[in-house]
Amino acid sequence: MAHPKRDPAADRCGREPTSRRSARLARWRVGLITGSVAAVTACATSAPPARVIDPVALQTTATVKTVARQISVIQDGNSLPQAGREAVIQRLKDQGGAVHLQRQMAAMSTLSDVDLHAGNQAQLLVDGPATFKSMFQAIEQAKRLVLLESYIIEDEGLAQQLAALLIKKRSEGVEVAVIYDAVGSIGTDGNYFQRLKDSQVGVCQFNPLNPLDLSSYGRITHRDHRKILVVDSEVGFTGGINISSVYSLGSSGRSRRGSSASGGGGGGTDPKNGWRDTQLKIQGPAVAALEDLFRETWQKQACQGQLSAAAPRTAKPGSKGPHVIRVVPASPDEAENRIYRLLLTAIDVSQRNVYLTMAYFAPGDDMVDALCEAAQRGVDVRLVLPSVSDFAPVLHAGRSHYERMLKAGVKLYELQDAVLHAKTAVIDGVVSTVGSSNMDWRSFASNSEVNAVVMGEDFGDSMNAMFQGDLKASKPILLEEWQRRSWWQRSKERLANLFERMW
């Protein structure tokens, strides 16, 4: 079962607060409705799939030919034949970590709908300032199309700059469309979106709440947590960063005092904190997958205004990049959460390392089992988790698993002096993922999410370097020290664990 976590409601569903007091008050009001409705509707919510792949079954790595037969690879707008797919896999193996790459791809090939896009250029963007600079530059250069989807769009500061830029591009004849989540952006003044509409920008609210239509509250647990920007069908962005002023400092602006990684603290965040998050900029064929997701949501939500037809998808001369990317969406409308399955499978067959940086960690027993078993078979498993949170119950639910993981050999760290909001992983140095999905029940069962997975050791090296930077800014959690935590901390963990599927 999945239930809303708490008020304010927007914090509950995506746990990403705005800075406005009015937003907090509005979310409190919605939270009262959310709690009662979710109690009735949550039992119908889809659940994460159970573990089905036994690592022993993949001790013998499948051949390149076998893997190539079970996946699809798109390049230059065309689906590659068998020989082309084999060539792509071989190029990935030539980067290094060939045994691990082939094993991970063999495991991935057992999953459904594995569509890889070859010929991309992927760039990591660390924190808000770098992300917004790159996004604004891309929008400024738009000639034909701008599609923006975000859980939170605020109505002050950076968001006002964004509105002005979108309106400017629309006046230049660029098609502009925006999707925002009704609960995530509930504190945003309606005049903000009306200004966009008045300027002929297409604007759509995801699962709107209508006080006169009680049926609308049956959808309150299904939120659009995706973050997507597509420009001219050529440049795309996705990750964990919303259109919110909380990202203005970045994690370099850390200033929180007295965070406790060994026990008692964890609730609340200092507004002076920097926010640690990650976004991915993509240039190449994989952008089409992000655009397709936006268009699908626009259609399913019956958004007003007809989007123009997608442009022909052919590669520009000289634009081919080195990265192979899989865009993985998830939605409670689907029978199985593909992001959860992807992570669980990659961890289950890992042989070298599993490095996770996760903002909200309340993963359930199957995921904890996978992490512990990986560590016990000699895999270097390290998790960077928050030391503070804007929602304490999910922090304590995650901590309820610490002792078991530490005893199994999992190495745990808590990020200091910054609000952790990143959702990234690099596994065996060859499977890297950046996205919107947290490792908790809300993301796994109730939200629409999207992650981008980049295959190969070249990009994995960049992810490993970013992870090492997070480790340096984190405090290790030591078993003996953790076992000395207070009875009060233990009681909070036990209570939070009992209701883990509610968070």
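Which residues are buried in helix 10? The close-ups below come from a predicted model, and the first one takes up that question.

**View 1. Helix 10 and its N-terminal cap.** Helix 10 covers residues 338–348 and is mostly covered, with 11 of its 11 residues buried. Going along the helix, the buried residues are Arg338, Ile339, Tyr340, Arg341, Leu342, Leu343, Leu344, Thr345, Ala346, Ile347 and Asp348. At the N-terminal end of helix 10, asparagine 337 does the capping. One of its side-chain oxygens sits 3.1 Å from the backbone nitrogen of isoleucine 339.

**View 2. The second largest pocket.** Here we look at a pocket holding about 430 Å³ of space. Its lining runs to 23 residues, and Leu293, Glu296, Pro329, Glu334 and Arg338 are the ones nearest the centre. Strand 3 (115–126), helix 9 (287–300) and strand 12 (323–330) are the elements that each put two or more residues into this lining. Helix 9 gives the most, with six residues. Sorted by class, the pocket lining has 10 charged, seven nonpolar and six polar residues. Arg338 ties this view to the previous one, as it is also among the buried residues of helix 10.

**View 3. The largest cavity.** Searching the whole structure turns up six cavities of 30 Å³ or more, and this close-up is of the largest, at about 50 Å³. Around it you'll find Ala359, Phe361, Leu385, Pro386, Ser389, Val394, Leu395, Gly398, Arg399 and Tyr402. Two elements, strand 15 (380–386) and helix 12 (392–399), each supply at least two residues of that lining. Helix 12 gives the most, with four residues. As for chemistry, the cavity lining comes out as seven nonpolar, two polar and one charged residues.

**View 4. Proline 476 in strand 22.** Strand 22 spans residues 474–477, and proline 476 is part of it. Is this proline buried or exposed? Neither label fits: its relative accessible area is 38%, so proline 476 counts as partly exposed, a class that lies between the under 20% of buried and the over 50% of exposed. Skip the neighbours within four places in sequence, and proline 476 is in contact with Leu412 and Tyr413. Glutamate 414 belongs in the frame too: its C-alpha atom is 6.5 Å from that of proline 476, although the two residues are 62 apart along the chain.

Key: Residues numbered from 1 in each chain as written. Predicted model: local features only at pLDDT ≥ 70, side-chain atom pairs only at ≥ 80, totals over all residues. Heavy atoms only, no water. Buried < 20%, exposed > 50% of the residue type's maximum accessible area, 1.4 Å probe, protein only. Contact = heavy atoms within 4.5 Å. 1 Å grid on protein atoms, 1.4 Å probe; cavity = no way out; pocket = protein on both sides within 12 Å on 5 of 7 lines; lining within 4 Å. Points joined across faces, edges and corners; volume = space filled by probe spheres on them. Nonpolar A, V, L, I, M, F, W, Y, C, P; charged D, E, K, R; others polar. Polar contact = N/O pair within 3.5 Å; in protein donor to acceptor, adjacent residues only side chain to side chain.
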